[in-house]
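Subject: The structure, and what turned up in it

Hi,

Here is the structure I promised to pass on. Have a look at it first, and then read my notes below.

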Amino acid sequence: MITRRNALKTAAFAAGAFTLAPHLLKAQAASPAVNGTYPFKLPDLPYGYDAMEPYIDTLTMHLHHDKHHAAYVENLNKALADAGEPFHKMTVEDLLLHLDELPEKVRTVVRNNGGGHYNHSLFWQMLKKNEGGQPTGELAAAIKETFGGYPEFQQKFSAAAASVFGSGWAWLGVDDKNLKIGTTPNQDNPISKSDRKVVPLLGLDVWEHAYYLKYQNRRAEYIKAFWNVVNWDYVGQRYKDNLTA
Ligand code: MN3
């Protein structure tokens with residue numbers, strides 16, 4: 001029987017060898033931005049600030065990345081500064097997988113700001129103007145099998161995004177082999193849930209900072225526009241990596 005403390009030591013000291021959710025490692029391999037350790041760094045956007053126009057405006061991308069994401073990284077580093085050696089060797093994903101085991105005085109700060117860093121690092125990679133493109137290959141087949149088709153999936157995901165009260169995220173994730181749609185409040189990520197088996201494939205930030213300049217209170221319009229900027233190549237690759245892990 002592995003105790004929580006031993007599990008933490010394994011995660012902290014044996015880089016790349018933690019055993020709780022090996023399939024996450026594959027998903028992580030497709031996400032170089034989340035592989036770093038303390039002190040964490042703000043990853044560059046993988047495209048220009050105007051790359052998602054007109055669906056997501058340039059000023060929003062500037063503020064969202066340069067101010068909001070940057071603040072999560074800064075606050076995460078501040079919180080971890082005195083937390084000690086084991087925690088300085090953990091990726092942000094490790095930290096979020098082991099929130100329960102963090103010292104109480106930093107747990108909430110890491111949950112909010114580590115979550116903010118992780119979610120946004122994924123989110124930037126999940127965006128790409130797709131000219132009406134849709135999922136392909138294995139992911140398209142799984143979406144059809146699970147939801148009945150792409151339009152049905154879009155409808156369910158959009159409804160989930162609209163249902164978030166206040167700030168949070170909508171997610172498409174995979175739990176073992178099953179696709180799931182869900183939401184998280186604030187900067188929580190599905191990987192921190194107790195079963196620790198959900199891998200996020202696609203996330204939509206529905207914090208007001210993600211859309212208010214252009215869409216004001218019209219979150220539904222922002223959600224509709226989002227379908228034009230989903231990087232289905234990246235999302236599909238995350239799904240495939242998970243299948244083979
Ligand atoms: Mn955000």
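Let me begin with a small question: does lysine 89 count as buried, partly exposed or exposed? Lysine 89 counts as partly exposed, because its relative accessibility is 44%. Please keep in mind throughout that this is a predicted model.

**Salt bridges**

Lysine 89 has a charged partner: its side chain meets that of glutamate 85 in a salt bridge, 3.5 Å from N to O. Glutamate 85 is partly exposed too, with a relative accessible area of 47%. As a rule, side chains of opposite charge can pair when their charged atoms come close.

A search of the whole structure gives six salt bridges, and two others are worth a look. One of them joins lysine 128 and aspartate 233, with the closest N and O atoms 4.0 Å apart. Lysine 128 sits in the loop between H6 and helix H7 (137-147) and aspartate 233 in helix H11 (residues 232-244), so this pair ties together parts that are 105 residues apart in sequence. Lysine 128 counts as partly exposed at 43% relative accessibility, while aspartate 233 is exposed, with a relative accessible area of 55%.

The other is between lysine 180 and aspartate 175, at 3.2 Å from N to O. Here lysine 180 is partly exposed, with a relative accessible area of 40%, but aspartate 175 counts as buried at 12% relative accessibility.

**The metal site**

You will probably want to zoom in on the manganese ion. Its ligands are His64 (NE2), His120 (NE2), Asp205 (OD) and His209 (NE2), at 1.9 to 2.1 Å. Along the chain, these donors follow the spacing H-x55-H-x84-D-x3-H. Two of them link distant parts of the chain: histidine 120 belongs to helix H6 (residues 104-126) and aspartate 205 to strand E3 (residues 198-205), 85 residues apart. Histidine 120 and aspartate 205 are both buried.

**A buried arginine**

What is the nearest side chain of opposite charge to arginine 219? That would be glutamate 208, but at 6.4 Å away, and the buried arginine 219 has no salt bridge. A salt bridge would need the nitrogen and the carboxyl oxygen within 4 Å, so glutamate 208 is not a partner in one.

Arginine 219, which is in helix H10 (residues 219-226), does have backbone oxygens to work with. A polar atom of its side chain lies 2.8 Å from the backbone oxygen of valine 164, and the side chain also reaches the backbone oxygen of glycine 166 at 2.9 Å. Beyond its neighbours within four places in sequence, arginine 219 is in contact with residues including Ala161, Val206 and Tyr211.

**Overall fold and core**

Zooming out, the protein has eleven helices and three strands, in the order α-α-α-α-α-α-α-α-β-β-β-α-α-α along the sequence. Buried residues make up 50% of its 245 residues. Of the contacts with a separation of 6 or more, 72% are between residues 24 or more positions apart.

The largest nonpolar core holds 62 residues, and those touching the most other members are Leu127, Phe153, Leu179, Leu202, Phe226 and Trp227. H6 gives the most to this core, with seven residues. Leucine 202 makes a good starting point for browsing: leaving aside neighbours within four places in sequence, its contacts include Met126, Phe153, Trp171, Phe226 and Trp232.

**Backbone oddities**

Most residues other than glycine have a negative phi, and most peptide bonds are trans. Where are the exceptions here? One cis peptide bond joins tyrosine 38 and proline 39, with omega about -10 degrees, and another joins glutamate 53 and proline 54, with omega about 0 degrees. Proline 39 lies in the loop between H2 and H3, as does proline 54.

As for positive phi, aspartate 176 has a value near 55 degrees and sits in the loop between strand E1 (168-175) and strand E2 (178-185). Glutamine 216 has a positive phi of about 45 degrees, and its place is the loop between helix H9 (212-215) and H10.

Cheers

Conventions. Residues are numbered from 1 along each chain as its sequence is written. This is a predicted model: local features need pLDDT of at least 70, side-chain atom pairs count only at pLDDT 80 or more; totals for chains, interfaces and linings use all residues. Side-chain values use heavy atoms; hydrogens and water are left out. Donors are N, O and S atoms within 2.8 Å of the metal (3.2 Å for Na, K and Ca); water is not among the atoms, so sites may look incomplete. Helices (H or I, at least four residues) and strands (E, at least two) are DSSP runs, numbered from the N terminus. Buried means under 20% relative accessible area, exposed over 50%, partly exposed in between (1.4 Å probe, protein chains only). Lys and Arg count as positive and Asp and Glu as negative; His and the chain ends are not counted. A polar contact is a pair of N or O atoms within 3.5 Å; within protein, one must be able to donate a hydrogen and the other to accept it, and residues adjacent in sequence count only if both atoms are side-chain atoms. Contact means heavy atoms within 4.5 Å. A nonpolar core is a set of buried Ala, Val, Leu, Ile, Met, Phe, Trp, Tyr and Cys residues joined through side-chain atoms within 4.5 Å.
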